[in-house]
Amino acid sequence: LITGLTSGGKLGQFLADNQCPHYLFAPEFNPSGLPRFGLGYTIMGLAGLVDVLGFIKIGSEIDLLGRPDKEAVTAAAEQIAAGCQGKMVVIFSSGHLDGNGHTMANQINETAKTLAFWSRLPDADHYLVEGVTSPNIPLSAIFLKSKRYREDLINRHDLTKKIFDQVEQNNYVFQPAAATVWGEVLETLWFSGYTSLFLARGNGVDPLAMPAINFIKSKLSTV
């Protein structure tokens, strides 16, 4: 079975020509045209596809999502962005928030033009924490934490933050308050998107511009 989701273009034409079941959407709520600002379409579109195809049923989970506390999440994003100003950012996550950690690093790099990396716990405790002890590296760590993590993972997040706190005080924990796993993922996505935008504003950069990426693309297109 071949399926897909797309806003059109060559992929949309391929899926249509080959009569593949797919979700074709018009990204009217993403006027930027950039994929990183249209994650709602891709995440919920993919969820809808696997639901329709019968692999999982997400209807009850979606009903329980509710709405995140917009003011609280946005305020946390603004505060953390201010503390990360002028620093390299390291994001830690575990389990069901690993996708969020990876996404947040991408958002901060692309949107805020700030060097950011993502690492998974417990993996990072076997190598990365030793690099933190090097002096004179301006960095901040953001821990994406969940009350649904296993107890050993919660302990690892706490202990790893203590290592970072020994060399840099501007380290942060974001813990979503949603009632379900799905809700935590989407609330954390809201947080990471706003954090990258506030960081871009603080840096005085255009969040839509991608000069380095476009330079590489333009050069590769002539090869």
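**Notebook: helix packing, sheet and backbone exceptions**

I began with a pair of helices and noted that α2 passes α8 in a right-handed crossing. I keep in mind throughout that this is a predicted model. For the same contact I looked up the residue ranges, which are 39–52 for α2 and 181–203 for α8, and the geometry, which is an angle of about 165° with the axes 12 Å apart. Since angles over 145 degrees count as roughly antiparallel, I therefore entered α2 and α8 as roughly antiparallel to each other.

Next I asked which residues of α2 and α8 meet. On the α2 side I found Leu-39, Ile-43, Met-44 and Ala-47, and on the α8 side Trp-182, Leu-186 and Leu-189. Sorted by character, the residues of this contact come out as seven nonpolar, with no polar and no charged ones.

I then turned to the sheet, which is open, has four strands in the order β4-β3-β5-β6, and is paired in parallel. The edges are β4 (116–120) and β6 (172–174), each of which pairs on one side only. From one strand to the next I read an average twist of 20°. Looking more closely at one edge, I found that β5 (residues 139–144) and β6 pair in the parallel sense over three bridges, and that Leu-144 has Phe-174 in β6 as its bridge partner.

Two helices lie across these strands. I recorded α5 (residues 98–112) across β3 (88–93), β4 and β5, running at about 170° to β4, while α7 (residues 151–165) lies across β3, β5 and β6 and runs at about 170° to β5.

How many aromatic pairs does a search of the whole structure find? The search returned eight, and one of them, Phe-92 with Phe-143, is stacked, at 4.9 Å centre to centre and with 15° between the planes. Phe-92 belongs to strand β3 and Phe-143 to strand β5, so this pair ties together parts that are 51 residues apart in sequence.

Last, I checked the backbone for exceptions, bearing in mind that most residues other than glycine have a negative phi and that most peptide bonds are trans. The peptide bond from Leu-121 to Pro-122 is cis, with omega near 20°, and I located Pro-122 in the loop between β4 and α6 (128–131). Gln-19 is not a glycine, yet I read for this residue a positive phi of about 55°; Gln-19 sits in the loop between α1 (9–17) and β2 (22–24).

Key:
Residues are numbered from 1 along each chain as its sequence is written. This is a predicted model: local features need pLDDT of at least 70, side-chain atom pairs count only at pLDDT 80 or more; totals for chains, interfaces and linings use all residues. Side-chain values use heavy atoms; hydrogens and water are left out. Axes are lines fitted to C-alpha atoms, for helices over the stretch in contact, and angles run from 0 to 180 degrees between N-to-C directions. Angles under 35 degrees count as roughly parallel, over 145 as roughly antiparallel, 65 to 115 as roughly perpendicular and the rest as oblique. A crossing is left-handed if the near helix is turned anticlockwise from the far one by less than a right angle, and right-handed if clockwise. Contact means heavy atoms within 4.5 Å. Ala, Val, Leu, Ile, Met, Phe, Trp, Tyr, Cys and Pro count as nonpolar, Asp, Glu, Lys and Arg as charged, and the others, Gly among them, as polar. Two strands pair if DSSP finds at least two bridges between them. Rings of Phe, Tyr and Trp (its six-membered ring) pair if their centres lie within 6.5 Å; planes under 30 degrees apart count as stacked, over 60 as edge-to-face and the rest as tilted.
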